[in-house]
Amino acid sequence: MNDFEFQTATTVDEAVSLLAAKGDRARVLTGGTDLIVQLRENLREADLVVDVKKIPELIQYSLTEKGLRLGAGVPCYRIYGDEAIRKAYPGLVDSARIIGGWQIQSRASIGGNLCNSSPAADSIPTLIAYNVICHIAGPEGRRTVPVAEFCTAPGRNVLKRGELLTELEFPAAARHSGGAYLRFIPRNEMDIAVVGAGAWVQLDAKGETIERARLALAAVAPTPLFLADASAALAGKPATEATFKEAAAAASAIARPINDKRGTLEYRKHLAGVLIERSLVGAVRRARGEKWDPHV
Amino acid sequence: MTPKSERKKYKVIGTRPIRHDGADKVTGRAVYGADLRLAGIVHGKILRSPHAHAKVKSIDTSAAEKHPGVLAVVTRADMPNLKNKIADLGEGSVNLAHLGANVLAHDKVLYKGHAVAALAAVNPHVAEEALKLIKVDYEVLPSVTWVMDAMQDDAPLLHNDVFTKSMGKRASKPSNVPTHIHFEKGNIEEGFQAADVIVEREFKTASVHQGYIEPHVSTALWNQDGHVTVWTSTQGAFTARAQTAELLQIPVSQVTVVPCEIGGGFGGKIAVYLEPVAALLSRKCGRPVKMVMTREDVFEGTGPTPGSFMRVKLGATKDGKLVAGEAWLAYDAGAFPGGVIGPGAMCVFSCYELPHAKVDGYDVLDNKPKTQAYRAPGATQAAFACETVIDELAEKLKIDPLEFRLKNAAKEGTRRVDGPVYPRVGLVETLEAAKNSPHWKSKLEGKHRGRGIASGYWFNIGLKSSVAANVNNDGTVSLIEGSTDIGGTRTSIAMQFAETLGITAEAVHPRVGDTDSVGYTDVTGGSRTTFATGLAAHEVALDIQRQMRERAAILWECEASQVQVEDGAYCHKDKKLTFAELAGQLGHTGGPVVGRATVSPEGASNGFGTHLVDVEVDPDTAKVTILRYTAIQDAGRAIHPSYVEGQMQGGAVQGIGWALNEEYVYSDQGRMENASYLDYRMPTALDVPAIETIIVEVPNPAHPYGVRGVGETPIVAPPAAIANAIYAATGVRMTELPMSPPRLWAAMSTGKKS
């Protein structure tokens, strides 16, 4: 680990100007649960680390009839600790509960997980399934990007020099809708997803037909994948096992994973289908108001 | 399982006193190697090879030496010439050139992570930064990391001075196979002719690491008077001293090794890595040099256990008697000769009465870290192969697998394929205990579930131990022993001493001595410490008891032989003094009483175990969940039952790790891809159920209290037991470790059924 400067920003503008001055030699620290490890293990280098978790805007959230506005630095434990969020966005809670152990969750944020931009990130399929909008502040002002377009390559994203993710905007939870996230890991804890799958559905009032759906996968491509076609194909279909199996087959087909230390290509393609099916089951059951616990 | 009459016989043995080092351990006061702080201490780091196999053409350290924060740099040039030097390090002779070249590479690097150079700097960060200033010119060579590839004629050759030794003959051409061993018993052809059913299968296992929680750490001070002191995390202070002295070519008396508390070893902390390097750096800079490995260093630079390829063939008659067994085993040794194929070959059929048997074993070099002992080294791989074939044979014969094992179990008088005839052993008793266990009697219901059973064996050795004791005038005794305490042996040794002397465990204050304060003692390994150092402690107690009788005789003006010892008290006619009362009178009966003993028991104490496991396999993901696990073992005598249970549980959990997920994943360039606990998947607390234990006690005839040693046997059976359970759950016989989800899924989806 090389020596670096450490600065604490208290406003978005201050953070942006600090980051802009150092470019790619500057790193943002929120929970630090990825950054500190990467610096210590020489996986990343930095001349400047900017702590942004003292910026009020980044550590607040509000849940209204318009949806959830989640500050990019809000730690995971606050998300699953809020009963209203648990009710409205259970898929987000699925993700927040499995990013590291509880010590990690008391520091790590969903915004940080997104900005780390790992192909295997546990929050990103959920954010894609919920159709989240990313709010970004930068030297040129503010802009928004749909989360499905945020990641560009392993560890890379659309953030430009001096830019900072400030907030994640979740659309209002629609009636008869539900979301779920599942991942597969060989152990039961302390692991990175071999495949992760997020699903969101909106059913008709009877809970029988899928009106809209969004499916996403992690760890089967260089970036988390939005399954646009498979999602669109679900619209108008009955919420039955046969439909879920079709979606699973589509997910397996579109997954383009690699062989690595966490699994083989064939196994991951197969798992993509298994997990999409299981997460769809979860999303549908929740949309019907039933209880469902993620378990792989 | 101890009969009531025997339980009564003992006052201390079989009880569960609080361990003597407990308060220090739970409060964090125990001093581990990393806690050491000395005035003027500096920090050393090692530069490691990025290549799996390369010639080291040159090393340029000049830029690093100029760095203001750097105090010393060392390379192979600073090591004495060790060519053709052989040393006896207490467990057989060792080629010092190989040991030295593992500590700091000489003309070649032989694995990724091989140490090439080292430096000492004012702090660890400067040291790490300055490593980048050392320039090494490599000529990269082709590498090989799979044992069967390494045996091919056209495989990259690791050493041009290694020739296959086979049946006392040395080959003329250098090769990657240093040793071929061969054992035979009876007539193998006749044996298989008599068989009605024969099963032959091939097996593979991955390299796995001991995975101790504490990384290697050593601090050395080469004093201006030439004396070297080393504080280190080691399983054996005396072997660390011998290796350090030999590698530095200085007399052993010039080296003192102070063993710190140790955070796990499992066989991996016997060979030295950092000690001689820290000493060389200290000699150059005149300051104490501390070196701490990272986890990556530990995975890439220290000994895993071998990857292996095995073929096992067993034959039985239709009434279920084994008649013949044949095994062909190739274990990788990593970069230097001397892996663990020997014990693997001896153990493969160790649980069975086999009239005809043949075993061939090969020690194979490849571009991996030099393998080291790992809990029952070599036996777990072999048991995975043998016990899986046994299971399949029982299935084909339509005999219950437990009954089949009982029918063929090794017992007193059974001759193992490598020669030794067992004295009284307890395999049958562990099988009977398994049969009567609540686990075996319970019904396993539900889809995708299966139950497996397997047995395992480890020798357990004797070797040399020394213990000394000082009687304090308050009736307590300070006990100094040479065995580093990994699994609670201070207490299990003190308890045997207390039992013999008739005092309480709490009245004994055990301490692990450094190499200048206690007699020579071999490593804490081979499950020997409670057995052999315990035996020494027993003899020290007898020595003290003899002296105490003499002191009582002075007081009572009688002959020592007239003083009786009853219940720990000393009596003559109507006179009686407790041990404490007599201890208070030592000052005026001749002064202090000091006892000492050294022992060197020979032969194995023979530990057998049988494990039961229930699993559930997810039919879609092939993930295996361990539902229930019972470890049953013959401990001979459980001195402190909690520690025996702890060893059985710990071994079972490590074996579950081998079975399900642990493996070195190598890239095509021979680089380990998963050198961290994130991707090297040891089981966590959430991955294993509470391991149930049943201690069987068939006393070892070669120990006064019947101790057999328990540490290693419990890792042997788990992978086979789990493979057999997976078969019962899925109909798929797994022949490769680990049985990780991708591998099991592939086997399940190709419907590879036997």
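**Figure 1. The loop that holds P738(B) in the predicted model.** P738(B) is placed in the loop between helices α20 (718-730) and α21 (741-749) of chain B. The structure shown here is a predicted model. The peptide bond between L737(B) and P738(B) is cis. Its omega angle is about -5 degrees.

**Figure 2. Helix α9 of chain B and the residue that follows it.** Helix α9 of chain B covers residues 275-285. Nine of its 11 residues are buried, so the helix is largely enclosed by the rest of the structure. A residue counts as buried when its relative accessible area is under 20%. Among the buried residues of α9(B) are E275(B), P276(B) and V277(B). A278(B), A279(B), L280(B), L281(B) and S282(B) are also buried, as is C285(B). Just after α9(B) comes G286(B), whose phi angle is positive, at about 75 degrees.

**Figure 3. The surroundings of T61(B).** T61(B) occupies the loop between strand β2 (54-60) and helix α3 (62-66) of chain B. Is this residue buried or exposed? T61(B) counts as buried because its relative accessibility is 14%, and the cut-off for a buried residue is under 20%. The side chain of T61(B) forms a polar contact of 2.9 Å with the side chain of E65(B). When neighbours within four places in sequence are set aside, T61(B) is in contact with V73(B), T75(B) and I134(B).

**Figure 4. E266(A) and its contacts in both chains.** E266(A) belongs to helix α11 of chain A, which spans residues 265-287. Which residues does E266(A) touch, not counting those up to four places away in sequence? The contacts are with N259(A) and with W745(B); the second of these residues belongs to chain B. E266(A) counts as partly exposed, because its relative accessibility is 47% and the partly exposed class lies between 20% and 50%. The C-alpha atoms of E266(A) and A255(A) are separated by 10.0 Å. These two residues are 11 residues apart along the chain.

**Figure 5. S117(A), a buried loop residue with a positive phi angle.** S117(A) is found in the loop between helices α7 (110-116) and α8 (124-129) of chain A. Its phi angle is near 55 degrees, a positive value in a residue other than glycine. S117(A) has a relative accessibility of 1% and therefore counts as buried.

**Figure 6. H176(A), a partly exposed loop residue with a positive phi angle.** H176(A) lies in the loop between strands β10 (164-171) and β11 (177-184) of chain A. The phi angle of H176(A) is near 60 degrees, which is positive although the residue is not glycine. With a relative accessible area of 27%, H176(A) is partly exposed.

**Figure 7. Chain B as the setting for the views of P738(B), helix α9 and T61(B).** The secondary structure of chain B consists of 21 helices and 32 strands. For its 754 residues, a compact globule would have a radius of gyration near 27 Å, and the value for chain B, 27 Å, agrees. Along the principal axes, the C-alpha atoms fill a box of roughly 85 × 75 × 50 Å. Buried residues account for 63% of the chain. Of the contacts in chain B with a separation of 6 or more, 79% join residues 24 or more positions apart. The chain exposes about 27,300 Å², and carbon and sulfur atoms supply 51% of this area. Chain B carries 79 positive and 84 negative charges, and the mean positions of the two sets are 1 Å apart.

**Figure 8. Chain A as the setting for the views of E266(A), S117(A) and H176(A).** Chain A contains 11 helices and 14 strands. Its radius of gyration is 19 Å, close to the 19 Å that the globule rule gives for 296 residues, so chain A is as compact as a globular protein of that length. The C-alpha atoms of chain A fill a box of roughly 55 × 45 × 35 Å along the principal axes. Of the 296 residues, 53% are buried. Residues 24 or more positions apart supply 61% of the contacts in chain A with a separation of 6 or more. Chain A exposes about 12,700 Å², of which carbon and sulfur atoms supply 51%. There are 37 positive and 34 negative side chains in chain A, and the centres of the two sets lie 2 Å apart.

How values were computed
Residues numbered from 1 in each chain as written. Chains lettered and ligands numbered in written order. Predicted model: local features only at pLDDT ≥ 70, side-chain atom pairs only at ≥ 80, totals over all residues. Heavy atoms only, no water. Helix = DSSP H or I, 4+ residues; strand = E, 2+ residues; numbered from the N terminus. Rg over C-alpha atoms; globule rule 2.2 N^0.38 Å. Buried < 20%, exposed > 50% of the residue type's maximum accessible area, 1.4 Å probe, protein only. Contact = heavy atoms within 4.5 Å. Areas by Shrake-Rupley, 256 points an atom, 1.4 Å probe, with all protein chains shown as cover. Lys, Arg positive; Asp, Glu negative; His and termini not counted. Charge placed at Lys NZ, Arg CZ, Asp CG, Glu CD. Polar contact = N/O pair within 3.5 Å; in protein donor to acceptor, adjacent residues only side chain to side chain.
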